Amino acid sequence: KAITLSMPAPRAHSQGMINQYSGSAPTLRLLCSITGGTTRAQWEDVTGSTPLTFVNDCVSFTTTVSARFWLMDCRNIGDATKMATELYKEAIHVPFMAKFVVFAKRVDPLEARLRVFCMTDDKEDKTLEQQEHFTEVAKSRDVEVLEGKLQYVEFAGNLVPITKSGEQLSFSFRAFRENRLPFSVRVKDQHAEAVSRCLFMKEPKVPKGEPPQQPICILNIVLPDDIVTDTISLTDTDSLKKHTFLSENFDYFRPDPRLA
């Protein structure tokens, strides 16, 4: 059975805040997705097969299918479905209010272990880092973070992350889970204070010459003065792998305690 739907017209890209569509509006596209339930939408441009009627600031059309519909004003008509898919993927990420928390443990005058968390439950005092002699060195206010999205980390100052060439620190955010990013930093100038700014970004680092991103938040990091002997960490994947490899491949000489 055919039904008639009426939808508010989107703002025309050429008309500012005023919609002035008429019977000929090639940039106005009607997109349709017949996927149902919680299945991710797959958009198709059905403008050519669906007559549109313009009444004031609304658009009416008739359909015989049960589907999701989307009116989009798109300057590049051929890219309408591609742009809709990209925009839809971004829009379905659920926003949460979370805090970024940074723990540090200085293992050498010029090196430290860092742990970065993105928390939704305010349980930084219950992390394993508290038992491994880490010190909380920074905590953000509540900021909006998108579920399932990568959070990118940049440093500016006298602390430099120890990473592979060209690699950028990042970790995925999942609400109400322990979102931990372990890594090490070195002090760039031993004669200057061991401080740095830690910037959390929504996107990877942009090339030089392009407009800078707006950070989600910025934290000031100051390494603790106390130096703690580094041990096998329950929260450091690399340490665990190294410890397992040594245990499985080498026999340690254990002197007879009676000879001590």
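Select F183 to begin: its relative accessible area is 7%, so F183 is buried (under 20% relative accessible area; exposed is over 50%, partly exposed in between, with a 1.4 Å probe and protein chains only). The model is predicted, with local features needing pLDDT of at least 70, side-chain atom pairs counting only at pLDDT 80 or more, and totals for chains, interfaces and linings using all residues. Residues are numbered from 1 along each chain as its sequence is written, and side-chain values use heavy atoms, without hydrogens and water.

Next, add F155, which counts as buried at 18% relative accessibility. F155 and F183 make an edge-to-face aromatic pair, 5.8 Å centre to centre with 75 degrees between the planes. Rings of Phe, Tyr and Trp (its six-membered ring) pair if their centres lie within 6.5 Å; planes under 30 degrees apart are stacked, over 60 edge-to-face, and the rest tilted. F155 is in strand β11 (residues 150-157) and F183 in strand β14 (residues 179-187), so the pair ties together parts 28 residues apart in sequence. Strands are DSSP runs of E, at least two residues, numbered from the N terminus.

The whole structure holds eight aromatic pairs. Select F103 and F117: the ring centres are 5.7 Å apart and the planes at 80 degrees, so this pair is edge-to-face. F103 belongs to strand β7 (residues 95-108) and F117 to strand β8 (residues 111-119), 14 residues apart. Both F103 and F117 are buried.

Stay with β7 and add β10: the two run antiparallel, joined by four bridges (strands pair if DSSP finds at least two bridges between them). P95 has L146 in β10 as its bridge partner. Along β10 (residues 143-146), V143 and V145 point to one face and are buried, while E144 and L146 point to the other and are not.

Finally, select W43, W70 and Y88, which form one aromatic cluster.
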